[in-house]
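Me: I should like to go through this structure by question and answer, with the reasoning set out at each step.

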Amino acid sequence: MARRAPEGFDKVFFTNAGADANENAMRAARLFTGRDKILSSYRCYHGNTGAAISATGDWRRKPNDYSRGHVHFFTPYLYRSEFSATTQEEECERALAHLEHVIQFEGPDTIAAVLLESVPGTAGIIIPPKDYFKGVREITKKYSILMITDEVMAGFGRTGFWFALDDYDYTPDIISFAKGCNSGYVPAGGVIMSDPVAHRFDDIVFPGGLTYSGHPLAMSAIVATQEAMEEEHIVDNAYTIGKDVLGPQLTALYDKHPKIGEVRGKGVFWAVEMVADRTTKEPLDDATMKQIVAEGDKRGLILGVHNNRIHVTPPCVISADEATQGVEILDQVLTAAGC
Ligand SMILES: Cc1ncc(COP(=O)(O)O)c(C=O)c1O
């Protein structure tokens with residue numbers, strides 16, 4: 001699997017991190033379309049700067065919501081469907097109809113872009129249905145709205161693909177990235193622009209700039225990291241670990257532990273959603289989630305817990321034995337916490 005941006009994406013505006021990548025992606029979309037509004041999901045995180053935090057859906061937006069022109073909508077999440085759906089197909093179809101209604105009610109000619117994480121990460125590693133982005137692409141094209149894909153967390157191998165969007169059948173107009181582009185060795189991020197968007201700034205100056213944009217240290221770390229990832233087949237490793245190890249082994253935990261409500265993910269990007277009761281899906285209480293973290297600490301397993309979810313996101317270089325060992329410890333942790 002070779003690393004690449006999609007065909008027709010030749011220009012990158014480099015930033016210092018993910019938030020300013022999204023900030024500049026939204027700016028480019030607004031300048032390109034001459035429109036103001038950005039539509040994004042309630043279940044997302046896009047960063048901690050002015051427009052990025054307003055585009056964010058989760059609790060961090062509320063005390064920081066000072067940027068104008070942001071509208072939120074619901075994206076697919078079958079386990080807790082907003083649309084009373086019972087299959088991924090229904091969830092996809094109804095979520096798309098909902099998005100189109102939001103666009104129509106907001107006024108298509110006021111909307112610059114729809115901004116979506118390719119896999120909502122912090123919000124719960126919610127893998128979108130196969131046809132969702134294709135549907136969003138059709139709707140955005142119909143109304144001449146740009147589509148921005150945020151690959152900041154999911155990009156560069158985490159899902160077992162260079163970009164998470166590679167597993168879907170669509171091409172956005174703009175891609176934002178950061179984190180995994182150089183494994184975080186040196187802060188870096190950026191905005192990859194499709195040719196039409198990039199060419200808009202051939203004869204007008206893009207009114208944005210960052211002192212450290214394209215900093216040689218960050219750039220050489222990107223090149224070296226991606227060369228190493230390619231040579232060592234690290235993205236393929238992440239794919240295989242997801243398919244052959246984490247997927248089956250976490251599913252086996254679901255079969256064993258009644259307080260696991262759902263296991264979902266791909267590559268090295270998995271969520272174990274914990275519930276008090278599988279029928280009501282009531283989220284597992286904070287005290288038990290804290291106990292899970294403490295039981296992990298006791299056994300040398302650092303667990304990333306977000307609300308009622310355990311995010312299983314080991315490094316892309318993890319071996320099958322290491323991943324298996326991690327799941328075995330998680331099994332003990334859940335037993336010790338009475339789950
Ligand atoms: C999907 C997504 N977008 C943007 C950001 C913001 O990136 P940064 O913290 O590098 O500014 C994050 C950070 O976690 C993220 O997960």
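Me: Please begin with the loop between β4 and α4: which residue has its place there?
Reply: The model under discussion is a predicted one. In the loop between β4 and α4, the residue to consider is I125.

Me: What is the phi of I125, and is the residue buried or exposed?
Reply: Most residues other than glycine have a negative phi. I125 departs from this pattern, with a positive phi of about 45° although it is not a glycine. Buried means under 20% relative accessible area. I125 has a relative accessibility of 1%, so the residue counts as buried.

Me: Where does H233 lie, and what is its phi?
Reply: H233 is found in the loop between α6 (216-231) and α7. H233 is a residue other than glycine, yet its phi is positive, with a value near 55°.

Me: In what order do the strands of the open sheet follow one another?
Reply: The sheet is open, is formed by 7 strands and has mixed pairing. Its edge strands, each pairing on one side only, are β1 (11-15) and β3 (70-73). Neighbouring strands are turned against each other by 20° on average, direction ignored. The order is β1-β7-β6-β5-β4-β2-β3.

Me: In which sense do β1 and β7 pair, and which residue is the bridge partner of K11?
Reply: Strand β7 covers residues 189-193, and 5 bridges connect β1 with β7 in the antiparallel sense. The bridge partner of K11 in β7 is M193.

Me: What angle does the direction of helix α1 make with that of β5?
Reply: Helix α1 (residues 18-33) packs on the sheet, and the strands it touches include β1, β2 (37-41) and β7. Among the other strands in contact with α1 are β4 (111-117), β5 (146-150) and β6 (174-177). The direction of α1 makes with that of β5 an angle of about 175°.

Me: Which strands does helix α4 lie across, and what is the handedness of the β-α-β unit that contains it?
Reply: Helix α4 (residues 132-142) runs at about 175° to β4. The strands it lies across are β3, β4 and β5. Together, β4, α4 and β5 make a β-α-β unit that is right-handed.

Me: How many residues of β5 are buried, and which of them lie on each side?
Reply: In a regular strand the side chains alternate between the two faces of the sheet. On one side of β5 are L146, I148 and D150, all buried. The strand is largely enclosed by the rest of the structure, because the buried residues number 5 of the 5. The buried residues on the other side are M147 and T149.

Me: Which residue of β6 is the bridge partner of T149?
Reply: β4 and β5 run parallel and are joined by 5 bridges; L116 stands opposite T149 in β5. β5 and β6 also run parallel, joined by 3 bridges. The bridge partner of T149 in β6 is I175.

Me: How far apart are the closest N and O atoms of K37 and E106, and how many residues separate the pair?
Reply: K37 is buried, with a relative accessible area of 19%, whereas E106 is partly exposed at 28%. K37 belongs to strand β2 and E106 to helix α3 (residues 88-106), so that distant parts of the chain are linked, 69 residues apart. In this salt bridge, the closest N and O atoms are 2.8 Å apart.

Me: Which parts does the salt bridge between D331 and K256 tie together, and what is the N to O separation?
Reply: D331 is buried at 18% relative accessibility, while K256 is exposed at 52%. D331 lies in helix α9 (residues 320-336) and K256 in helix α7 (residues 234-256), so the salt bridge ties together parts that are 75 residues apart in sequence. The closest N and O atoms of D331 and K256 are separated by 2.9 Å.

Me: How far apart are the closest N and O atoms of D65 and R61?
Reply: D65 is partly exposed at 35% relative accessibility, and R61 is buried at 12%. A salt bridge requires a side-chain nitrogen within 4 Å of a carboxyl oxygen. D65 and R61 form such a bridge, with a distance between the closest N and O atoms of 3.8 Å.

Me: How many salt bridges does a search of the whole structure find, and which residues are linked in a network?
Reply: The search finds 19 salt bridges. The residues linked in a network of salt bridges are R80, E262, R264 and E273.

Conventions:
Residues numbered from 1 in each chain as written. Predicted model: local features only at pLDDT ≥ 70, side-chain atom pairs only at ≥ 80, totals over all residues. Heavy atoms only, no water. Pairing = 2+ DSSP bridges. Helix = DSSP H or I, 4+ residues; strand = E, 2+ residues; numbered from the N terminus. Axes fitted to C-alpha atoms, helices over the stretch in contact; angles between N-to-C directions. Contact = heavy atoms within 4.5 Å. Buried < 20%, exposed > 50% of the residue type's maximum accessible area, 1.4 Å probe, protein only. Right-handed = clockwise from strand over helix to strand, strands pointing away.
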